[in-house]
Amino acid sequence: MEQLLTWADHRVLGGSGDPIIFAVDDASLFSLTPQAHETLCKWRKSRLVDPDKVPLADQEVLEGLRDARVLVPATRKKHSPPQPQPGQVPLSTLVLEVAQDCNLRCTYCYAGAGTYGAAPCLLDPETARQAARYLLDNSGDQKHVSLVFFGGEPLLNMPAVEAAASEAISHADKIDKKVHFSLTTNGTLLDAEIIDFLHDNQVSVALSLDGPRHIHDRNRPDKKGDGSYAQIVSRLGLLLQDSPVPVAARVTLEPDQWDSVVEVFDHLVRLGLHEVGIAPVSPVNKALLPTPAQEEALLQGFGLLAGRFVTAARKGQVMPFANILDLLGRLHLGQTKQASCGAGLGYMAVDAKGQFFPCHRLAGEANFKAGNLATGINSDKIKLELGALNRGRDRSCSKCWARAFCAGGCHYENYLRENQLGLPRGTSCKFIRGWLDIGIQTYAELRTDGAIEAMGQRLAQRAQC
Ligand code: SF4
Ligand code: SF4
């Protein structure tokens, strides 16, 4: 007698093509023929399946579901792999807050005009060099590490950027490692000399540009209240010309702009950006909390762009929509998450005073301070603070079908919503699940056509970054 089977957590999604089954724990996807779908619907009603009593006509389908680990032995014990802990993972990415100061006054800035709530401050070049060495010396066996120049506006402190980059290159050379540089900038201070430096050092630039002038200028004025669009666009040609690495636009939109994502995307592609990633604003105050209709508009816009991505892929083109590329990359590799992000787990930030934080977004939150360059990273402190923030989240997420992809969401966003705005846990979950739903449908459509195979290598590279 064969042992009884039961259903593992899964989700069946309809789409324009065949239905898809998403196995939640493995984050794996399978297309179903109409006949297999019918058989599944029939048997899903039973909590237990006795293989000895399955009629011949249904056996093949149920066998397939068993191979896919959607049907599992009823006696199977669910075990979650151990979660990585701060201090156990070598450093792979260090974000340097080279300038806690900024020349813009963006309406949604979570960093309080770049200062993170303190007096404006620049990282001194010697501390920048020390940080670069710290990253390399604490990267364990990893051959490749990333150094990220961030702010405020990092171009306000080129001496620290240059010092860190040259130290990283020479130290990496000595210990046979490679460093990849990236920089997030508002773009207003770019000049020919800085652009030469960025190109010479293959720095991946993320340019904060929110779309057409009427949207960008409302979001990103300078100190006098004038829009910054014209300043950025006038420098864009030089930055894009002969860039050895892609230049990405990093868009942030306020909720009342979420119905404009398609317009924003098209505008930035027309300007020549190599990739466009669109982020809904962090609700740094209650006025930035979206209504359900605004969330719906954002999902609709993302859905439209995902649909256009499929159409382009069928013609052999890759539409440079970073959000869908990232999600498809993870689906393609079946990458599941044990932790919501790398904060404190190989990813750390150093502020302009040389103090460590588990994430650049948490810099300025005194309770998340976790050591400094002289004393090293205080992993116990990270464990304590992130542990307190996440307490009970495992339980609330364990029933969610998006858990293998989300694993609890962004620590900073959770901190904002729950600790500062006093909102209940889970206020962003509907959007997270809606976006994953779109990603899965998109992946399934591309797989049906074989288009996903054509872009497989590109997706895999992204997911590994
Ligand atoms: S450019 Fe960045 S740091 Fe400066 S005000 Fe805008 S969001 Fe804040
Ligand atoms: S969507 Fe919400 S409930 Fe689901 S895993 Fe993410 S944070 Fe947890």
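In the predicted model, the centres of domain 1 and domain 2, taken over C-alpha atoms, are separated by 42 Å. Domain 1 spans residues 5–73, and domain 2 covers residues 93–333.

An open sheet of 3 strands is present, with the order β5-β1-β6 and antiparallel pairing. The edge positions are held by β5 (48–49) and β6 (71–73); each has a single partner strand, so one side of each is left without a neighbour in the sheet. Strands of a sheet pair through backbone hydrogen bonds, in either a parallel or an antiparallel arrangement. The antiparallel pairing of β1 (residues 5–7) with β6 extends over 3 bridges, and within it L5 stands opposite P73 of β6. The loop between α2 (56–67) and β6 contains R69. This residue is not a glycine, yet R69 has a positive phi of about 60°. With a relative accessible area of 52%, R69 is exposed, because the threshold for that class is over 50%.

Further backbone features occur in other loops. Most residues other than glycine have a negative phi, and most peptide bonds are trans. A113, located in the loop between β7 (93–100) and β8 (121–122), is a residue other than glycine with a positive phi, near 55°. The relative accessible area of A113 is 19%; A113 is therefore buried, the limit being under 20%. A cis peptide bond, with omega of about 15°, joins G151 and G152. G152 lies in the loop between β9 (144–151) and α4 (158–174).

G152 also belongs to the surroundings of ligand 1, which consist of C102, L104, C106, C109, G114, G152, N186 and R220. Classified by residue type, this shell around ligand 1 comprises 4 nonpolar, 3 polar and 1 charged residues.

Ligand 2 is surrounded by C397, C400, R403, C406, G408, C429, I432 and R433. Two or more residues of this shell are given by each of the elements α13 (403–406) and α15 (429–449). The greatest contribution to the shell around ligand 2 comes from α15, with 3 residues. In terms of class, the residues around ligand 2 divide into 5 nonpolar, 1 polar and 2 charged.

Helix α14 (residues 411–420) has 8 of its 10 residues buried, so this helix is largely enclosed by the rest of the structure. The buried residues of α14 are H411, Y412, E413, N414, Y415, L416, R417 and E418. Among the elements that cover them are α11 (379–390) and α12 (393–397). After α14 comes G422, which has a positive phi near 65°.

A set of side-chain contacts is centred here on Q355, a residue of the loop between β14 (347–350) and β15 (356–357). The relative accessibility of Q355 is 18%, and Q355 therefore counts as buried, a class defined by values under 20%. The side chain of Q355 makes a polar contact of 2.7 Å with that of D351. A second polar contact, of 3.5 Å, links the side chains of Q355 and K369. When residues up to four places away in sequence are not counted, Q355 touches A349, V350, K369, G371 and N372.

K369 is itself a loop residue, placed between β15 and β16 (371–372). Its relative accessible area is 34%, so K369 is partly exposed, as this value falls between the limits of 20% and 50%. Apart from neighbours within four places in sequence, K369 is in contact with Q355, F356, F357 and K381. K369 and D351 are 18 residues apart along the chain, and their C-alpha atoms are separated by 9.7 Å. Q355 thus has side-chain polar contacts with D351 and with K369.

How values were computed:
Residues are numbered from 1 along each chain as its sequence is written. Chains are lettered from A and ligands numbered from 1 in the order in which they are written. This is a predicted model: local features need pLDDT of at least 70, side-chain atom pairs count only at pLDDT 80 or more; totals for chains, interfaces and linings use all residues. Side-chain values use heavy atoms; hydrogens and water are left out. Helices (H or I, at least four residues) and strands (E, at least two) are DSSP runs, numbered from the N terminus. Buried means under 20% relative accessible area, exposed over 50%, partly exposed in between (1.4 Å probe, protein chains only). A polar contact is a pair of N or O atoms within 3.5 Å; within protein, one must be able to donate a hydrogen and the other to accept it, and residues adjacent in sequence count only if both atoms are side-chain atoms. Contact means heavy atoms within 4.5 Å. Domain bounds come from an automatic or database domain assignment. A residue is near a molecule or strand if one of its heavy atoms lies within 4 Å of it. Ala, Val, Leu, Ile, Met, Phe, Trp, Tyr, Cys and Pro count as nonpolar, Asp, Glu, Lys and Arg as charged, and the others, Gly among them, as polar. Two strands pair if DSSP finds at least two bridges between them.
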